[in-house]
Amino acid sequence: MQAGETGVNTIRIYNPTKNAIEKDKAKVWRQMRNEALEKSDYVVSVANETGGSISDEWKTYRQTLRDLPTHKNWPNLGDDDFPNEPGKDEKWDRERFGPRV
């Protein structure tokens, strides 16, 4: 057997504590993502009401938020994984806004 391969009879250990923490992280990240999407709905509403268009920055921001659960680091996102709202110079800060799990 090659290094790094697992055999058919490999024992897999279920860790309920670790699984619960991962589930909580995902729940918190989803809540934060949903709040950011709701907060940015005004951009879409204003564009629709005025007949304007939505900038590519806002489209990308909202799509990135929607795609977070499929991110390769999910649910262990780093500071650079959560997108910043367009037009904000302030970098997203886990200490202020991140999950507390």
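In the predicted model, D41 has a relative accessible area of 33% and is therefore classed as partly exposed. The side chain of D41 forms a salt bridge with R62, with a separation of 3.0 Å between the closest N and O atoms. This pair links distant parts of the chain, since D41 belongs to helix α1 and R62 to helix α2, 21 residues apart. R62, in contrast to its partner, is buried, at a relative accessible area of 11%.

The search of the whole structure returned two salt bridges. In addition to the D41 and R62 pair, the side chains of E85 and K39 meet at 3.8 Å, N to O. E85 is located in the loop between α2 and α3 (94–97), whereas K39 is part of helix α1 (residues 16–50); the bridge therefore ties together parts that are 46 residues apart in sequence. E85 is buried, with a relative accessible area of 15%, while K39 is partly exposed at 49%.

Helix α2 comprises twelve residues (56–67), for which a rise of 1.5 Å a residue predicts a span of 16 Å; the end C-alpha atoms are 16 Å apart, in agreement with this value. W58, Y61, R62 and L65 are buried in α2. Viewed down the helix axis, the buried residues of α2 fall within an arc of 90° and so line one face of the helix.

Overall, the secondary structure consists of three helices and zero strands, in the order α-α-α from the N terminus. Of the 101 residues, 26% count as buried. The accessible surface amounts to about 7,700 Å², with 48% belonging to carbon and sulfur atoms. Among contacts with a separation of 6 or more, 51% are between residues 24 or more positions apart.

Conventions:
Residues numbered from 1 in each chain as written. Predicted model: local features only at pLDDT ≥ 70, side-chain atom pairs only at ≥ 80, totals over all residues. Heavy atoms only, no water. Helix = DSSP H or I, 4+ residues; strand = E, 2+ residues; numbered from the N terminus. Expected span 1.5 Å × (residues − 1). Buried < 20%, exposed > 50% of the residue type's maximum accessible area, 1.4 Å probe, protein only. Arc of directions from axis to C-beta. Contact = heavy atoms within 4.5 Å. Areas by Shrake-Rupley, 256 points an atom, 1.4 Å probe, with all protein chains shown as cover. Salt bridge = Lys/Arg side-chain N within 4 Å of Asp/Glu carboxyl O.
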